[in-house]
Structures are given as C-alpha cells and as structure tokens.
Amino acid sequence: MTQVIVLNGGSSSGKSGIARCLQAVLPDPWLALGIDTLVEATPASMRAGGGGIELAGDGEVIVGPEFRAVEAAWMEGIAAMARAGARIILDEVFLGGADSQLRWQKALGELRVVWVGVRCDGAVAAGREVARGDRITGMAMSQAELVHRGMVYDVEVDTAGVESMECARVIAAQVA
C-alpha cells in the first residue's frame, strides 16, 4: 500500500492544487504537507539568509546548513508519521534535483512511495506566480526545469494545459 506521494515541481507549477484534489479523490484520509509548511514554521531569523534559507530578489533560493539540519529532522518526522500509519502527500521543490530525491529516499527508507513529477511550462508558471502575488518574480521560471534534473518518477503530469483534478486522477491511478 502506498504510504507517501511526493509531488515535485517548481514554484507555481500546481502542486498544492493537485494535493488538495488528491485528498478529495483518494479513498482514505491523506495529510498534505510541504516545503512551504516547513519554511513558514521556521523562525524569521532563519529566513533572513546566513545559515538558514533566503529568497533572493531574482527568485533564487539559497539554502544554508542550519536550514538543511532542520529539513533533515523534518524529513525524518514525516517518515515517522508515515511509518505510524499516516498517509502523506508531500508538496516539494527539489532544488537539488536528484540529490534532493536521494535525501528523501534515505529518510523514507522502506516506505512505499509514488514519485510524481509536476511539470509546467516556465512561462505558464511565471504567469501564475504574478497572479498569486505571494512569490518573488523569477522563482517559477528559474525552477521550472531545474527541479526535474536527474529525477526518476513513477508518473509525470503537466499542469500547463490540464486541470489539477485530472492530474490528481492520473496520480491516484498509480496509488495502490
């Protein structure tokens, strides 16, 4: 039985919408958690650069060792929740591509995971970014392809022309 669904895509690619739709179409309760949840949970001092995480004016995300340490604990905590019986949908942005996936694979260990690539044309994601108004301009475009480098997925969806619900149905078909 699938215990974790990992949605990896760039900023404004549609991951959060897909996560909500997955919660609606999957038969059991699933918790939706993501990197934004972790970033928002950190103290403001860690979001100001240094060893934490910094969002540069051009949309670049700079991750330091203090944030990586907190992130490692977060990953182990998510894995522990899944091992305890919670079913988890992760909304992630793998800035390190395959290295990011490897960190999650190590944390999730023997858990049954469905790895999902959420693709979206950079220009479409950039348009969503502007419409949202809560993102730094340039983040969506810079992440659109970067997050998929070296990745291995069980399923991929493209949100540029497909609604979140349809993407969720494609993903749900992979969940056993």
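Throughout these legends, a residue is called buried when its relative accessible area is under 20%, exposed when that value is over 50%, and partly exposed in between. Please keep in mind as you browse that the model shown is a predicted one.

**View A. Serine 12, in the loop between S1 and H1.** Welcome to the first close-up, centred on a backbone angle. Serine 12 has a phi near 65°, a positive value in a residue other than glycine. For context, most residues other than glycine have a negative phi. Is serine 12 buried or exposed? With a relative accessibility of 6%, serine 12 falls under the 20% cut-off and therefore counts as buried.

**View B. The salt bridge between aspartate 91 and lysine 15.** Side chains of opposite charge can pair when their charged atoms come close. Here the side chains of aspartate 91 and lysine 15 meet with an N to O distance of 3.8 Å. Aspartate 91 belongs to strand S5 (residues 88-92) and lysine 15 to helix H1 (residues 15-25), so this contact ties together parts of the chain that are 76 residues apart in sequence. Both partners are buried: aspartate 91 has a relative accessible area of 12%, and lysine 15 has one of 6%. If you would like the wider picture, a search of the whole structure finds seven salt bridges.

**View C. Arginine 119 and its glutamate partners, 145 and 156.** Arginine 119 forms a salt bridge with glutamate 145, where the closest N and O atoms are 3.5 Å apart. This pair links distant parts of the chain, 26 residues apart: arginine 119 sits in strand S6 (residues 113-119), and glutamate 145 in the loop between helix H6 (139-143) and strand S7 (155-158). Arginine 119 also meets the side chain of glutamate 156 in a salt bridge, with 2.5 Å from N to O. Glutamate 156 lies in strand S7 and arginine 119 in strand S6, so this second contact ties together parts that are 37 residues apart in sequence. How accessible are the residues of this pair? Arginine 119 counts as partly exposed at 25% relative accessibility, and glutamate 156 is also partly exposed, at 42%. Elsewhere, Arg68, Glu71 and Arg103 are joined into one network by salt bridges that share partners.

**View D. An open sheet of five strands.** The strands of this sheet follow the order S2-S5-S1-S6-S7, and their pairing is parallel. Which strands stand at the edges? They are S2 (31-34) and S7; each has a single partner strand, so one side of each is left without a neighbour in the sheet. Averaged over the sheet, neighbouring strands are turned by 20° against each other, direction ignored.

**View E. Strand S5 and its partners S2 and S1.** Strands S2 and S5 run parallel and are joined by four bridges. Strand S1 (residues 4-8) also pairs with S5 in the parallel sense, over five bridges. Take isoleucine 89 of S5 as a landmark: alanine 32 stands opposite this residue, and so does isoleucine 5. A little further along, look for aspartate 91, the bridge partner of glycine 34. Aspartate 91 may be familiar from its salt bridge with lysine 15. Why is S5 described as largely enclosed by the rest of the structure? Five of the five residues of S5 are buried, and this is why. Both faces of the strand are covered, with Ile88, Leu90 and Glu92 buried on one side and Ile89 and Asp91 buried on the other.

**View F. The largest cavity and its lining.** Rolling a probe the size of a water molecule over the atoms shows where empty space is left. In this structure the count comes to one cavity of 30 Å³ or more, and the largest cavity holds about 30 Å³ of space. Its lining consists of Gly10, Ser11, Ser13, Val118, Arg119, Cys120, Ala125, Ala140, Ala144 and His148. By residue class, that lining divides into five nonpolar, four polar and one charged.

**View G. Tyrosine 153, in the loop between H6 and S7.** Tyrosine 153 has a relative accessibility of 15% and so counts as buried. Which separation should you look for here? The C-alpha atoms of tyrosine 153 and glycine 117 are 6.1 Å apart, although the two residues lie 36 residues apart along the chain.

Note on methods. Residues numbered from 1 in each chain as written. Predicted model: local features only at pLDDT ≥ 70, side-chain atom pairs only at ≥ 80, totals over all residues. Heavy atoms only, no water. 1 Å grid on protein atoms, 1.4 Å probe; cavity = no way out; pocket = protein on both sides within 12 Å on 5 of 7 lines; lining within 4 Å. Points joined across faces, edges and corners; volume = space filled by probe spheres on them. Nonpolar A, V, L, I, M, F, W, Y, C, P; charged D, E, K, R; others polar. Salt bridge = Lys/Arg side-chain N within 4 Å of Asp/Glu carboxyl O. Helix = DSSP H or I, 4+ residues; strand = E, 2+ residues; numbered from the N terminus. Buried < 20%, exposed > 50% of the residue type's maximum accessible area, 1.4 Å probe, protein only. Pairing = 2+ DSSP bridges. Axes fitted to C-alpha atoms, helices over the stretch in contact; angles between N-to-C directions.
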